[in-house]
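Trainee: I should like to learn how to read surface patches and salt bridges in a model. May we work through an example together?

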Amino acid sequence: MMQRAQTTLTHPSDPPAARPGPKPAGASVNSNPAENRAAASLPVVLPGVAPTDVHPEVDAETHILTVDNFKLAYGKRQTLHGINMKIAGGKVTALIGPSGCGKSTLLRSMNRLNDLVDGVKIEGDMRFKGQSIYDRNVDVIDLRKKLGMVFQKSNPFPMSIFENVVYALRIAGERSNARLDEVCAKSLKSAALWEEVKDRLHSSAFGLSGGQQQRLCIARAIAAEPEVLLMDEPCSALDPIATQKVEELIYELRGKYTVVIVTHNMHQAARCSDYTAFMYMGRIIEYGPTEAIFVRPHLKETEAYVTGRFG
Amino acid sequence: MGSDAVLGFFVRFGAVTVLVMMASLVFVLFRGSLDSMKTFGPKFLVSSTWRPNDLEVTKRTSDGKIVRDADGDPVMETIPAKFGALPAIYGTAVSSIVALTLAVPLSLGAALFLIRIAPRLRPRLPNGWRVPIDMWISFLIEFLAAIPSIAYGMWGLFVLVPYMQSHLEPGLNWIFGHVPGLGFMHADALTGRDMLTGSLVLAIMIVPIITAVSRDVLRAVPQAQIEGSLALGATWWQSCFEMLRYSRSGLFGAVMLGLARAAGETMAISMVIGNIPNIKATPFAAAQTMSSLLANEVSEASTKLHTSSLLQVALILLLMSLAFNIVARKLIVGKGGGVRG
């Protein structure tokens with residue numbers, strides 16, 4: 001375990017084994033609304049000087065993506081303060097944290113989608129399989145093909161289901177119809193959508209339900225044959241049944257793809273991720289195996305967040 | 001209660017007035033063109049003769065011999081005035097389509113620039129202020145759309161016509177004369193006041209409106225669509241194309257608005273198009289549009305049939321513009337500038 005600056009961050013005094021499981025130490029606080037409010041506004045000790053609490057399990061993995069002291073500012077607003085993170089290949093890593101903590105920004109930095117934003121300032125670097133992402137000579141188009149992305153709100157193109165799925169191949173200039181058909185079927189099957197749409201591949205993608213549209217977007221991302229799938233709150237606009245399907249899908253995708261998922265839904269992170277990073281105010285506070293983060297977090301701030309006492 | 005009733009009456013009165021004006025406009029044009037409709041029927045739309053006055057000619061037999069009376073003088077006969085709107089309809093259609101062909105790529109390019117490039121191009125002044133180039137360009141484009149058409153017409157007449165006659169048209173005419181297959185567009189004389197110049201002035205006049213409307217339509221494209229295509233490895237151009245495809249119905253509406261303006265434009269085009277009812281393949285021949293025909297002849301029409309024919313041309317123009325506007329409105333307003341999910 002890493003050495004931490006004890007001055008600003010407080011460790012739970014109990015050893016993890018002695019802690020009462022998922023039930024928070026301050027459970028009684030929840031019963032009293034007034035005190036609860038006090039807990040919510042409890043000034044979680046500002047993570048100014050402390051390095052991220054990284055559990056040793058993370059370091060033991062094979063990493064596909066590493067973030068090296070990455071800083072990002074929108075204009076004068078510093079959104080990410082020196083993020084260091086190693087993401088395990090073939091695993092699902094969840095980024096959790098309260099709104100505005102920078103988790104989406106971090107995710108969008110991984111395929112350089114923040115390049116589009118006006119006035120963005122970036123320091124530090126990320127590496128994908130050892131290759132710099134922010135180097136001047138990086139082919140961004142090629143990079144984005146390797147790091148596919150699924151957005152918060154499904155964003156199918158105004159085309160047929162088929163054309164949506166093969167979009168990445170089309171823009172890359174693929175002309176063979178046989179190949180397009182093959183990729184379309186394979187991707188839709190991977191996204192667990194094939195059975196529902198195989199008879200209407202050439203009708204508009206807007207005719208699909210919200211959950212189907214989101215799975216279509218996943219199929220579209222898979223069709224580009226990425227190595228990493230970046231998912232930015234993929235279920236936030238879906239009903240529980242559609243959410244369950246997408247979560248099952250994410251579970252299926254593990255191993256074939258490295259998945260990085262941003263979510264507001266703590267149960268979702270708990271259900272479908274291998275590793276979880278808790279972010280707060282532009283920093284990663286604690287990063288470790290999902291079970292450890294939710295059941296026996298090292299830090300009080302993490303515990304407060306995952307038990308719903310603030311955020 | 002009282003003020004509610006008064007205001008209620010007032011707004012209803014306003015709404016009804018608009019309807020009544022529209023209906024009476026159509027009614028007056030329709031009633032006025034009855035004479036012409038009865039005389040020429042549907043042939044009015046396909047005949048290319050426009051001869052407002054009766055013609056006195058020597059009478060000839062069927063084999064071409066001059067008919068003479070007892071004294072040996074030629075017998076005169078009167079051929080009645082004849083009206084056909086085809087050259088004007090043709091002129092309106094061709095000049096509008098050529099103007100659109102020239103204006104649409106330019107306008108879409110300008111709109112894409114305003115949305116995708118200009119906002120990031122705000123040069124910083126030494127004192128730290130940033131120059132909002134996009135806002136200035138937008139302002140100028142809207143200003144251009146508001147310039148009275150007579151101003152465009154005078155600019156066309158005094159600047160464009162001489163330039164076309166002495167520089168651009170000789171070059172084009174040479175190409176038409178020497179490239180095999182284009183010979184049909186070659187002209188013997190160049191006046192500068194012709195179909196090409198007319199179309200060019202129209203194109204210049206409709207660029208601002210198409211640009212302004214398509215800029216608003218493109219601005220409504222969700223960022224998610226652009227990011228969606230970029231995240232799949234689209235280049236900058238491919239993502240621009242994706243924006244155009246997403247908002248295609250709204251853009252089509254913008255083009256239809258431009259078309260409506262081009263088809264209805266009167267002052268500017270009647271100053272530069274030459275106003276001769278021609279149907280010719282060469283772009284260097286003088287031509288006539290429905291609106292320029294009306295502008296030139298309405299005040300001089302002396303016979304009932306002449307007036308009636310002009311009113312029928314006006315009716316055709318009104319119905320055409322109405323159709324364009326309805327289609328454009330449906331496409332822009334109905335779809336909110338894009339395709340809905």
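**Patch and salt bridges**

Mentor: Please bear in mind that this model is predicted. We may begin with one residue: B:M267 is found in helix α10 (residues 267-272) of chain B. With a relative accessibility of 35%, B:M267 counts as partly exposed, because that class lies between the limits of 20% and 50%.

Trainee: Which residues form the nonpolar patch on the surface?

Mentor: The patch consists of B:I150, B:M154, B:W155, B:F158, B:V159, B:I204 and B:M267, which together have about 620 Å² of accessible area. Helix α5 (residues 149-178) of chain B gives the most to this patch, with five residues.

Trainee: How many salt bridges does the structure hold over all chains?

Mentor: There are 18 over all chains. In one of them, A:E61 pairs with A:K91, and the closest N and O atoms are 3.0 Å apart. A:E61 sits in the loop between α2 (56-60) and β2 (63-74) of chain A, and A:K91 in the loop between β3 (77-88) and β4 (92-96), so that the pair links distant parts of the chain, 30 residues apart.

Trainee: Is A:E247, which meets A:R271 in a salt bridge, buried or partly exposed?

Mentor: A:E247 counts as buried, at 7% relative accessibility, because the limit for that class is under 20%. Its partner A:R271 is partly exposed, with 47%. The N to O distance in this salt bridge is 2.6 Å.

Trainee: Which residues are joined into one network by salt bridges that share partners?

Mentor: A:E174, A:R179, A:K186 and A:E225 are joined in this way.

Conventions: Residues numbered from 1 in each chain as written. Chains lettered and ligands numbered in written order. Predicted model: local features only at pLDDT ≥ 70, side-chain atom pairs only at ≥ 80, totals over all residues. Heavy atoms only, no water. Patch = residues over 30% accessible without salt bridge, like charges linked within 9 Å, V, L, I, M, F, W, Y side chains within 5 Å. Areas by Shrake-Rupley, 256 points an atom, 1.4 Å probe, with all protein chains shown as cover. Salt bridge = Lys/Arg side-chain N within 4 Å of Asp/Glu carboxyl O. Helix = DSSP H or I, 4+ residues; strand = E, 2+ residues; numbered from the N terminus. Buried < 20%, exposed > 50% of the residue type's maximum accessible area, 1.4 Å probe, protein only.
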